[in-house]
Amino acid sequence: MQTYLADLHVHSHLSRATSGACTLEGMHRWAQLKGVAVVATGDFTHPAWFAELETQLEPAGPGLYRLRPGIADSANREVPPACRAEVRFIISGEISSIYKRDGRVRKVHSLILMPDLAAAAQVNARLDRLGNIRSDGRPILGLDPRDLLDLLLGVCPQACLIPAHIWTPWFSMLGSKSGFDSIVECFGELSPHIFAVETGLSSDPPMNWRISGLDSVALVSNSDLHSPSNLAR
């Protein structure tokens, strides 16, 4: 079985408080320096970033993309020969859901992974009718994560939703200030579609192993970077 390092949660230069170096070239370069084989694109819901994905990426196998040769060659010139390696991208984004359920304000962030740009374009068209996806790479929508997951699966059964940084107090599924007490409470009958949760910077695996409600899902850890030098932190 082949193993490789992947970072599935990043942000582009079009997200709030991010570096201008958060470009596909920047991610491609730092992935090689950090030994990361698969990098998320981040922010596919933002129309301007989506346009960059369409023009700068090309298919590289099922569910994966790579930089087009001319762009990759330019980025590779700043990578020492000993570090150079293939880098693949997976289409991803993050949604900030702020809404009311059961008389409480809920604030939950969701990491989304899509199998290809065509499916991502369909999701964007649906989300664009529900709220403002143009003001920030991580849009804020009044959309319940359960309904977001339902929307994703309706567009593309291969779409994935991973609850992001699940212990962050104010903006996560299990957050003490505005979240829930379990996956089932948050996602209801769609809970079987939640196969992984993100530990985030607020917890580590031993902390999560203490919660029996997480025994059925994988624990993943990503950088949630706002600068490409933080890839794989």
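The exercises below, each with a worked solution, concern helices and cysteines in a predicted model.

**Exercise 1.** Determine how many residues of helix α5 (residues 145-155) are buried, and which elements these residues pack against.

*Solution.* Begin with the buried positions of α5, which are Pro-145, Arg-146, Leu-148, Leu-149, Leu-151, Leu-152, Leu-153 and Val-155. These make up 8 of the 11 residues, so the helix is largely enclosed by the rest of the structure. Next, follow their contacts, which lead to the strands β5 (88-101), β6 (104-114) and β8 (160-163), and to the helices α4 (117-128) and α6 (183-187). Finally, look at the start of α5, where a side-chain oxygen of Asp-144 comes within 2.8 Å of the backbone nitrogen of Arg-146.

**Exercise 2.** Work out how α2 (residues 47-56) and α4 are oriented towards each other, and which residues meet.

*Solution.* Take the axes first: those of α2 and α4 come within 12 Å and cross at roughly 165 degrees. Because angles over 145 degrees count as roughly antiparallel, α2 is roughly antiparallel to α4. The handedness of this crossing is left-handed. At the residue level, Phe-50, Leu-53 and Glu-54 of α2 meet Leu-117, Ala-120, Ala-121 and Asn-124 of α4.

**Exercise 3.** Explain why the sulfur of Cys-156 does not form a bond with the closest cysteine sulfur.

*Solution.* Identify the partner first: the closest cysteine sulfur belongs to Cys-160 and lies 8.6 Å away, which is too far for a bond, given that a disulfide requires sulfur atoms within 2.5 Å. A search of the whole structure accordingly gives 0 disulfides. As for surroundings, Cys-156 is buried at 5% relative accessible area, whereas Cys-83, at 29% relative accessibility, counts as partly exposed.

Methods:
Residues numbered from 1 in each chain as written. Predicted model: local features only at pLDDT ≥ 70, side-chain atom pairs only at ≥ 80, totals over all residues. Heavy atoms only, no water. Buried < 20%, exposed > 50% of the residue type's maximum accessible area, 1.4 Å probe, protein only. Helix = DSSP H or I, 4+ residues; strand = E, 2+ residues; numbered from the N terminus. Contact = heavy atoms within 4.5 Å. Polar contact = N/O pair within 3.5 Å; in protein donor to acceptor, adjacent residues only side chain to side chain. Axes fitted to C-alpha atoms, helices over the stretch in contact; angles between N-to-C directions. Parallel < 35°, antiparallel > 145°, perpendicular 65-115°, else oblique. Left-handed = near helix turned anticlockwise from the far one by under 90°.
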